Amino acid sequence: MRYIILITAIVLSAGCASSANTYNPEEMADLASQLKDISAAVDGTLKFSSESYTDPQKLLLTAIRGDKSRLTPFKNYQLKVVIQEQDAALLLCQDERLLIEDIGCTAKSDIQHWQSSTPLACEATVTFSQLCASH
């Protein structure tokens with residue numbers, strides 16, 4: 001009986017571990033780094049431009065100065081710009097699952113959701129002003 005419980009625990013652990021690690025950590029770190037740079041440009045454009053942006057895609061294209069090659073690394077993903085008042089973030093998603101959330105006002109890649117075993121919808125999970133106020 002003791003071995004059945006042990007084997008069941010191992011099988012369940014392996015199942016959970018494999019679903020959390022379906023993403024290549026090296027690839028995700030590279031994407032997070034590139035996402036951070038674009039996110040900072042988006043946030044800076046939103047804050048310091050004389051134009052008021054309500055269209056997230058227009059904001060993104062202005063921030064990268066129309067250089068769509070900067071978006072090439074994300075071609076197999078969805079890239080979503082979220083604006084909360086005077087702060088902006090980029091969400092990297094795949095099949096509507098939130099993988100990385102980066103608020104542009106911080107110097108680091110903010111939240112690595114791809115490591116979680118619980119998938120989240122492709123929506124912002126934090127209030128940007130709270131994170132930006134602490135930096």
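## A hairpin to start with

Let's begin with two neighbouring strands: β1 (residues 78–84) and β2 (residues 87–94) run antiparallel and are joined by 7 bridges. Keep in mind as you look that this is a predicted model.

Where does the chain turn from one strand to the other? The hairpin of β1 and β2 has 2 residues between the strands. At the turn, Gln 84 stands opposite Asp 87 in β2. Glu 85 in this hairpin takes a positive phi, near 55 degrees.

## The whole sheet

Now let's widen the view. The hairpin strands belong to an open sheet of 4 strands, ordered β1-β2-β3-β4, with antiparallel pairing. Here is some background: strands of a sheet pair through backbone hydrogen bonds, either parallel or antiparallel.

Which strands form the edges? They are β1 and β4, each of which pairs on one side only. For β4, the partner is β3 (residues 97–103), and the two are paired antiparallel over 2 bridges. You can find Glu 101 standing opposite Ile 111 in β4.

## Helices across the sheet

Two helices are worth finding next. Helix α2 lies across β1, β2, β3 and β4, and runs at about 150 degrees to β2. Helix α3 lies across β1 and β2, at about 105 degrees to β1.

## A closer look at α3

Which residues of helix α3 (residues 56–63) are buried? They are Leu 59, Leu 60 and Ala 63. Seen down the axis of α3, these buried residues fall within an arc of 100 degrees, so they line one face of the helix. Their cover includes α2 (25–48), β1 and β2.

Both ends of α3 have something to show you. Asp 55 caps the N-terminal end, with a side-chain oxygen 3.0 Å from the backbone nitrogen of Gln 57. Just after the helix, Arg 65 takes a positive phi of about 55 degrees.

## A histidine in a loop

Finally, look for His 113, which sits in the loop between β4 (111–112) and α4 (128–133). Is His 113 buried or exposed? Its relative accessibility is 9%, and because buried means under 20%, His 113 counts as buried.

What does His 113 touch? Setting aside neighbours within four places in sequence, His 113 is in contact with Arg 97, Leu 98, Leu 99, Ile 100, Glu 101, Leu 120 and Thr 125. One of these contacts, Glu 101, is the residue you met standing opposite Ile 111.

Technical notes: Residues numbered from 1 in each chain as written. Predicted model: local features only at pLDDT ≥ 70, side-chain atom pairs only at ≥ 80, totals over all residues. Heavy atoms only, no water. Pairing = 2+ DSSP bridges. Buried < 20%, exposed > 50% of the residue type's maximum accessible area, 1.4 Å probe, protein only. Arc of directions from axis to C-beta. Contact = heavy atoms within 4.5 Å. Polar contact = N/O pair within 3.5 Å; in protein donor to acceptor, adjacent residues only side chain to side chain. Axes fitted to C-alpha atoms, helices over the stretch in contact; angles between N-to-C directions.
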